[in-house]
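Here is a small set of exercises to work through with the structure beside you. Try each task before reading its solution.

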Amino acid sequence: MRFVVEPMRLGDIPTVSAIERLSFPQPWPQSAYRREILENRMAHYVVARVLDAPAPVRASAPEPQPQSADRTEDGLFGKLQRLLRASADPTSGGAEDRGVVGYAGLWLMTDEAHVTTIAVHPQYRGKHVGELLLLHLIDHAISVGARWVTLEVRVSNEVAQALYRKYTFKEMGVRRRYYSDNGEDALIMWTDPLDSEHFRRVLEQNRAALRQRLTEAG
Ligand SMILES: CC(C)(COP(=O)(O)OP(=O)(O)OC[C@H]1O[C@@H](n2cnc3c(N)ncnc32)[C@H](O)[C@@H]1OP(=O)(O)O)[C@@H](O)C(=O)NCCC(=O)NCCS
């Protein structure tokens with residue numbers, strides 16, 4: 001399978017939302033994604049598309065029940081996110097099914113880049129799509145001059161933590177009972193400085209290995 005990462009467009013939002021509902025217990029309304037794309041100059045959202053296989057989700061698919069949980073949010077950043085989430089959702093129709101199997105987002109705040117969300121459709125997990133998305137976000141953060149990338153992750157989310165640790169994210173603190181659905185703690189994770197020799201070496205090693213794996217996978 002071949003994947004490509006591209007900027008998220010309005011027509012992607014219904015499919016993104018369907019993946020979101022499969023991935024998080026408190027999904028954002030579609031209007032939040034519309035605003036992120038149309039109004040938030042700090043935001044950078046992307047989707048991963050599969051080029052040579054049927055997409056697993058169509059925007060018209062019935063709403064599934066949430067299965068797993070995570071979201072990164074905090075402080076001013078988190079408050080803004082919650083405001084967006086609390087708003088009504090006027091988005092409907094206009095869906096394009098263009099093979100979206102995952103998505104991710106970043107907020108750029110001075111020299112820090114905050115990963116706001118990252119998710120892959122359950123049928124496409126374990127195929128390096130999440131890593132491809134994270135690598136894209138990191139490349140974007142570097143390209144606009146960020147010095148670190150940070151995020152929050154549930155203490156129970158070992159899969160996501162393993163992905164983050166691979167890219168030098170380390171636990172720098174805990175927010176107690178951060179997630180309101182179950183009172184779970186959030187780990188606050190930060191990368192090494194993006195301009196450090198160590199980070200660049202890890203990044204390029206991971207990039208080369210990912211390229212190799214994706215090439216082998218077709
Ligand atoms: C977290 C998530 C985005 C990872 O995406 P993915 O496409 O499945 O992951 P990848 O195939 O790219 O794997 C990349 C790395 O993640 C880790 N990983 C992936 N699956 C794993 C598993 N089952 N067990 C442990 N580590 C795993 C590994 O470090 C892996 O690198 P490796 O293959 O060199 O060992 C995906 O599981 C997901 O959408 N989860 C639900 C939403 C979520 O929790 N988002 C995170 C919010 S903070």
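## Exercise 1: Two threonines

Thr 110 is exposed, with a relative accessible area of 76%. Keep in mind that the model you are looking at is predicted.

**Task.** Is Thr 168 buried or exposed, and in which loop does Thr 168 lie?

**Solution.**

Step 1. Start with Thr 110, which sits in the loop between β3 (100-109) and β4 (112-120). Its phi is near 50°, a positive value in a residue other than glycine.

Step 2. Ask what you would expect in general: most residues other than glycine have a negative phi.

Step 3. Move on to Thr 168, in the loop between α5 (158-166) and β6 (170-179). The phi of Thr 168 is positive too, near 75°.

Step 4. Use the cut-off: buried means under 20% relative accessible area. Thr 168 has 5% relative accessibility, so it counts as buried.

## Exercise 2: The chain and its sheet

**Task.** How many helices and strands does the protein chain have, and in what order do the strands lie in the open sheet?

**Solution.**

Step 1. Count the elements: the protein chain has six helices and seven strands. Along the sequence they follow the pattern β-α-α-β-α-β-β-α-β-α-β-β-α.

Step 2. Now look at the sheet, which is open and has seven strands in the order β1-β2-β3-β4-β5-β7-β6, with mixed pairing.

Step 3. Find the edges: β1 (3-7) and β6 each pair on one side only. From one strand to the next, the twist averages 25°.

Step 4. See what lies against the sheet. Helix α1 (residues 13-23) packs on it and touches β2 (43-50), β3 and β4. The direction of α1 makes about 90° with that of β3.

Step 5. Zoom in on one pair: β5 (residues 148-154) and β7 (residues 184-190) are antiparallel, with five bridges. One of the residues to look for is Arg 154, whose bridge partner in β7 is Ala 186.

## Exercise 3: The nonpolar cores

**Task.** Which residues have the most contacts inside the largest nonpolar core, and which element gives the most to this core?

**Solution.**

Step 1. Recall a general tendency: in soluble globular proteins, nonpolar side chains tend to be buried together.

Step 2. Here, the largest nonpolar core has 37 residues, and Leu 134, Val 149 and Tyr 164 have the most contacts inside it.

Step 3. Look at the contributors. At least two residues each come from β2, β3, β4, α4 (129-143), β5, α5, β7 and α6 (197-216). Helix α4 gives the most, with eight residues.

Step 4. Trace the neighbours of Leu 134. Leaving out residues up to four places away in sequence, Leu 134 touches Val 115, Ile 118, Leu 163, Tyr 164, Tyr 167 and Phe 169.

Step 5. Another core, of 16 residues, lies apart from this one; among its residues are Met 8, Ala 32, Tyr 45 and Met 109.

Step 6. Finish with the whole chain: of its 218 residues, 52% count as buried.

## Exercise 4: A buried glutamate and a partly exposed asparagine

**Task.** What does the side chain of Glu 20 reach at 2.7 Å, and where is Asn 182 found?

**Solution.**

Step 1. Glu 20 lies in helix α1. Its relative accessibility is 0%, so Glu 20 counts as buried.

Step 2. The side chain of Glu 20 reaches the backbone nitrogen of Trp 28 at 2.7 Å. A polar contact of 2.6 Å also joins the side chains of Glu 20 and Tyr 103.

Step 3. Turn to Asn 182, found in the loop between β6 and β7. With a relative accessible area of 44%, Asn 182 is partly exposed.

Step 4. A polar atom of the Asn 182 side chain lies 3.0 Å from the backbone nitrogen of Glu 184.

Step 5. Compare sequence and space: Asn 182 and Pro 25 are 157 residues apart along the chain, and their C-alpha atoms are separated by 9.8 Å.

## Exercise 5: Around the ligand

**Task.** Which of the 25 residues around the ligand come nearest?

**Solution.**

Step 1. The residues that come nearest are Val 120, His 128, Gly 130, Asn 157 and Lys 166.

Step 2. Next, check the backbone atoms. A backbone N or O atom of Ile 118 lies 2.8 Å from a nitrogen atom of the ligand.

Step 3. Look at ligand oxygen too: an oxygen atom of the ligand is 2.9 Å from a polar backbone atom of Gly 126, and an oxygen atom of the ligand is 2.8 Å from a polar backbone atom of Glu 131.

Definitions and conventions
Residues numbered from 1 in each chain as written. Predicted model: local features only at pLDDT ≥ 70, side-chain atom pairs only at ≥ 80, totals over all residues. Heavy atoms only, no water. Helix = DSSP H or I, 4+ residues; strand = E, 2+ residues; numbered from the N terminus. Buried < 20%, exposed > 50% of the residue type's maximum accessible area, 1.4 Å probe, protein only. Pairing = 2+ DSSP bridges. Axes fitted to C-alpha atoms, helices over the stretch in contact; angles between N-to-C directions. Contact = heavy atoms within 4.5 Å. Core = buried A, V, L, I, M, F, W, Y, C linked by side-chain atoms within 4.5 Å. Near = heavy atom within 4 Å. Polar contact = N/O pair within 3.5 Å; in protein donor to acceptor, adjacent residues only side chain to side chain.
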